[in-house]
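Me: I'm new to this one. Can you walk me through the ligand sites?
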Amino acid sequence: GGGGGGGQSSSATPKVGLITKTETNPFFVKMKEGAQKSAQANGMELMTAAGKFDGDNASQITAIENMVAAGVKGILITPSDTKAIVPAIKKARDAGVLVIALDTPTEPQDATDALFATDNLKAGELIGQYAKAAMAGKPAKIATLDLAPGITVGQLRHDGFLKGYGIAEGDPSVVCSQDTRGDQAKGQTAMENCLQKAPDINLVYTINEPAALGAYTALKAKGREKDVLIVSVDGGCTGTKAVKSGEIAATSQQYPLKMAEDGVKAVSEFAKTGKKTSGYTDTGVTLITDKSVSGVEAKDTAFGLANCWG
Amino acid sequence: MEATLPRRLISTPVAGPLAALVLACAFFALRTDQFLTGPNFSLIIQQVMVVGTLAIGQTLIILTAGIDLSNGAIMAFGGIVMTKLAVDSGLPPVLAIVAGLAVCSGFGLVNGLLVTRISLPPFIVTLGMLNVVFALTHIYSNEQTVTDLPPVLTFLGQTFQVGQTNVTYGSLLTILLFLLFAYLLGSTAWGRHVYALGNSPEVARLTGIRTRRLTIGVYTLAGFVYGIAALLLVSRTGVGDPQAGQTDNLDSITAVVLGGTSLFGGRGLVIGTLVGALIVGVFRNGLQLMGVPSIYQTLITGILVILAVAVDQLSRRRNR
Amino acid sequence: MEATLPRRLISTPVAGPLAALVLACAFFALRTDQFLTGPNFSLIIQQVMVVGTLAIGQTLIILTAGIDLSNGAIMAFGGIVMTKLAVDSGLPPVLAIVAGLAVCSGFGLVNGLLVTRISLPPFIVTLGMLNVVFALTHIYSNEQTVTDLPPVLTFLGQTFQVGQTNVTYGSLLTILLFLLFAYLLGSTAWGRHVYALGNSPEVARLTGIRTRRLTIGVYTLAGFVYGIAALLLVSRTGVGDPQAGQTDNLDSITAVVLGGTSLFGGRGLVIGTLVGALIVGVFRNGLQLMGVPSIYQTLITGILVILAVAVDQLSRRRNR
Amino acid sequence: MTTPVLQARGLVKRYGHVTALDGADFELMPGEVLAVIGDNGAGKTSLIKALTGALQPDTGEILLDGKPVRFRDPLEARRQGIETVYQDLAVAASLDIATNMFLGRELRKPGLLGSVFRMLDKKRMREESARHMAELKIGLRSLTQPVESLSGGQRQGVAVARAVAWATHVVVMDEPTAALGVKESGQVLDMIKRVRDGGTPVVLISHNMPHVFEIADRIHVQRLGRRVAQIKPGDHSMAEVVAIMTGALQVSEGKAVVADQGAAEAIGLS
Amino acid sequence: MTTPVLQARGLVKRYGHVTALDGADFELMPGEVLAVIGDNGAGKTSLIKALTGALQPDTGEILLDGKPVRFRDPLEARRQGIETVYQDLAVAASLDIATNMFLGRELRKPGLLGSVFRMLDKKRMREESARHMAELKIGLRSLTQPVESLSGGQRQGVAVARAVAWATHVVVMDEPTAALGVKESGQVLDMIKRVRDGGTPVVLISHNMPHVFEIADRIHVQRLGRRVAQIKPGDHSMAEVVAIMTGALQVSEGKAVVADQGAAEAIGLS
Ligand SMILES: Nc1ncnc2c1ncn2[C@@H]1O[C@H](COP(=O)(O)OP(=O)(O)OP(=O)(O)O)[C@@H](O)[C@H]1O
Ligand SMILES: Nc1ncnc2c1ncn2[C@@H]1O[C@H](COP(=O)(O)OP(=O)(O)OP(=O)(O)O)[C@@H](O)[C@H]1O
Ligand SMILES: OC[C@H]1O[C@](O)(CO)[C@@H](O)[C@@H]1O
Ligand SMILES: [Mg+2]
Ligand SMILES: [Mg+2]
């Protein structure tokens, strides 16, 4: 037999785990930083893990198991695969661990104790509405630079954008749709090809800001950057600066730091008092633009830069 | 004949990887209390069983001097087939499983046919197949994760008690599969032919081995094993997940190579692959238990993978 | 000597890939108007230049019977080094570029040393290196994309006019690199030695080639080429992106193998790699222009990759 | 007239613009040792590869015991009891001697273990291999070494022992003694005689004229891809045979005539 | 006493529990053809590999012109003008004949093209290779084929021609005629004589006793990993030499004495 009390950690500082979708997105890095600060403030030890790519369910399951084995009190997770992670979360909860989803809801949403997240459909809707107003009745030729098959945030934002713009999936004004995996280089290639196919594209929806910047570079190479509207989601500092300089027209800003801080606080609370948080906390989303349009509520880039992440 | 047991052990290609595994375990056992426990080992086995099983098929193919980039994708498709047929199409679960196994074997067969009939390089065939099967998975599943599985599909995720430790039936099946293939490769004519084929297809042909048929058989059997991996995956995650397995091709190759099998074919042992898979699982688990931040886990894993094989090389060199 | 030019062309390993490329172009030209235009071809070259340049280094290593999984990661790190030094540390841009090239060469050197000094399999060395460099990139960059680059860093993204078409300096550089390495491999002693090494390290050693030094040189040179790829990437995207290059290792191997080079070493031409990279680029571009949905693009690309090499095989068989 | 055991007519095999076989004929009679000789590149290996299913001729036909056959692969020839030692040594480098000896016809354990579990009888295979190797008197320090670590001659010994152990109809050997020591060569020649005396005809490719003259009943001379003569060792001197082989002499109606005066003088024939 | 050109004392080389060299001595005198003979596995190849830098002996020393040397790789031996034809044919399979002939010492174009651009002079290398191959009179249908498509003998010819073309100090050949035809073997023997007559000593490993007796000035007999005798061909009959090689006779003070009566009788010595 090896040593002490099995899964029961005897160490004094309670542990909290954070499992992100990937290692490579500044969004999640910011989240980790926030969690780290909050953990320190609450006298907790933070453990982190991440998937290898967006959609990597297996690594997230493994991370949950290992964290439970390490004796964490609670786990914060941004689920890569919203349905597939549910059984593993259930096991962790059955083992007495508090599980909170950040950024992305599980399906069903109550598979976790609580959710701190942006409303992604709304994030899409906001930029859709903005685009509609900014186009001011001009006939639109739209390119959508999406995430990848089967990842809910991508789908939700795409759907939200169409809804906000007031068109349905399959509308002929959408002339080009491409997956970018949220990657700048792939976003650029996608935009180049879309322009080759339909040179008169004048509105670009992008899943996130790296994709948007890739699209901008492609447009600039064609000398089209001035007359094409790019809208995006995220509100990272790089992206918000791009809004300020006019490369991106508008973006829906989200607040990962808040998600993480609130999440760690909730786990700390649970560790101390045994009280579990529950339900959905909308961490908010704000449309950021310097060229506001009437009918859509927005904040300027000064606000955006003050609140940006990354 | 003069070779005593320890001497033999040293000269088998598994000794190095095994030494690396033992070293890694010793290290983590010293650094964290939670590591050296029955439940934790049971967990590690659960965590490596899917990639480990894929790596069995990968071992077969690499022994023939091939490579399979499509195994993770085939597994994902198999998982979707099993779960969708059972849940959406209402097929009896056992039939759904059989259908999944058949589909996976079928993809393996196609790989084998392309490799032998048109003499295409396995890298290209399975790369193409990876894309094709990936797309089919997403088209067939319509991007939907399949949930609410009947218990038969998750049976392998159930546990039984060994002493104080819960072990899943899936872990047991994986271990049995490794033993089965160690037997097939080591103690049957078929196994000898696989090695001979990997040494040199021309030599194998000249000695009267039907190399095409053998190759096709190996790819098909590997496909079947991927089907079992699909079932293990489904039972472990409790869902049918179209996103699954995307990095498992490289992960399974890693397990094979860490286990001492040559990518040039004809040399290696499937038990080495088990050790290779466990090395990766132990690193991941141990580093996580030690609370190493995830990006440093990646960094250290990179170094450790190199070190593990270096231990192997250096131990062999001493033996020279 | 009797071999007339067309005969020679048929028997070179590039003929098959070239035929596949031409067929693909013909197909897309018939199916969509926008395909067969100067600007579109200029675009395709821009889109493949980064992976194509990585694939030059990959070709060198594969010719020695090695493989490099770390090239995309090394390039990403190189890009971050160049841009961060120039923007954040205020180094003169040219020095920043030199530093980036040096760092990439350094990683190549480490790969080479591990492969030769401890006789580790290249697969494992570069897999480990992939993880290490990946982690270093994210630690060093702190996940920040580096923007506002000085013009020197994006110079290669500028264009000059050829007829009606804008061509980037980067495209030109890529083509020149391919020609340079075709020359080095085909017309210098060093090139002959690389092939001999790939044929059999033992034979190369016995004929008096310093195989270790040669191998280390090849990996280091490949690293340097990855540094150039980093510069091309930076100039193309206009930023330093820590997330870049993650699938480029497999993509570059694909280009090499599609180009007719054997993964077992000693056989192949770097010009084939260019053709291989273009095949992928043409498929992606053409399918997109035809308006094929993403997931079907993946499906069709999978099939086409297999077909492209099948064309090659069948054309060779006829020639037997 | 007796029917040849193995016969070929007009075999042609081209590789690109190299013609390896250019209408080659071949006849092996029952119970004889037939030597096939010829310069390097004369097409000897190509000929026997075509005869044993290792290579598909472009045209030409092959007859076994007078009946046309087509061996699509070496296995089909083997199934007819034709065993071959190929010049490029068909041994699997990473496998040991016993495994190589039994490759393609492994022995299984008796009883259920063998029939149901298909378990190899490694012990018996090792013992029998040891016996076969001992017959050839090839010195071996261990039977469990992979063959890649054997000396060139030892490796060749494995291939020869294997062919002899299994042949029932025809044995074909492509330069089997090329890498063998004097003693080991002697053993192989003795073994060839024993095989012949057991009634199985042998085809022997060799560049070693003393060996050929010691053992061959008949000699097939191959030149530039075809058979240019069939002779009996007794009818011609070694020097004459060499001259025929190199094209300096030609055989017409069983007698040697000078074809190339210069060449004939160069090799010391007058 | 003249100093040996190449000399070795007490070379030992072990592979696991196989001892390939067991304290082997060796001496090559100026201007001689020294034949090294011995059974398969006697350690001949291991010996010459140790002498030419291809293998690092565990212990023992090597002297070149009386001075101790250590060749850490074959290149260092080569640099001293020692050229070797290895038994396992050091040719690069996918490269053509000319490339193989010049591998490791390629010719560059004259002028800037060569010095700055380091461009190979393919034409000259092809021409010179053709000349060297022609000297050996090996029949070749094309110089641009990859060597993997050559016949066994043709391939061996390439290796021999290369060694002879480059050697300035010592030529070592490990069974160079094993795969060669009669005519080609004769050419190689002639060439060896010419090399010797040019003043370069030659080490020849061969199992072909007639060849050895035809050409060797002295014979080194290797047995069980060490030298058991050094003899002159004139002093002993072929049968005696074979007997020494197999251990049936032992040489003491220059005379053969029977060591193993049974073995001696078995090979026909009384
Ligand atoms: N695969 C191949 N591709 C191209 N040419 C070939 C191939 N195999 C054989 N050849 C050519 O065919 C001819 C006959 O070769 P083969 O091996 O039959 O000769 P051989 O009589 O056995 O010679 P040796 O005595 O040297 O073994 C040679 O010129 C050789 O170069
Ligand atoms: N790499 C190796 N690993 C293990 N054993 C080896 C290795 N190389 C040689 N040996 C063994 O060393 C002994 C001597 O081999 P070597 O090749 O020197 O013999 P040889 O006299 O050249 O024989 P041959 O006449 O057959 O070429 C043999 O028993 C051989 O099996
Ligand atoms: O890749 C999708 C992920 O990327 C983000 O938009 C951050 O850039 C997250 O909100 C989302 O979960
Ligand atoms: Mg031959
Ligand atoms: Mg030898």
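Reply: One term up front: buried means under 20% relative accessible area, exposed over 50%, and partly exposed in between (1.4 Å probe, protein chains only). This is a predicted model, where local features need pLDDT of at least 70, side-chain atom pairs count only at pLDDT 80 or more, and totals for chains, interfaces and linings use all residues. Residues are numbered from 1 along each chain as its sequence is written, chains are lettered from A and ligands numbered from 1 in the order in which they are written, and side-chain values use heavy atoms, with hydrogens and water left out.

Me: Is Thr45(D) buried or exposed?
Reply: Thr45(D) is partly exposed, at 21% relative accessible area. Gln87(D) is partly exposed too, at 22%.

Me: What do Thr45(D) and Gln87(D) coordinate?
Reply: The magnesium ion, ligand 4. Thr45(D) uses OG1 and Gln87(D) uses OE1, at 1.9 to 2.1 Å. Donors here are N, O and S atoms within 2.8 Å of the metal (3.2 Å for Na, K and Ca); water is not among the atoms, so sites may look incomplete.

Me: Where do the two sit in chain D?
Reply: Thr45(D) is in helix H1 (residues 44–51), and Gln87(D) is in the loop between strand S6 (82–85) and helix H3 (97–101), so the pair ties together parts 42 residues apart in sequence. Helices (H or I, at least four residues) and strands (E, at least two) are DSSP runs, numbered from the N terminus.

Me: Switching to ligand 3. Which side chains have a polar atom by its oxygen atoms?
Reply: Asp103(A) has one 2.5 Å from a ligand 3 oxygen. For Asp234(A) the distance is 2.6 Å, and for Arg157(A) 2.7 Å.

Terms used. Polar contact = N/O pair within 3.5 Å; in protein donor to acceptor, adjacent residues only side chain to side chain.
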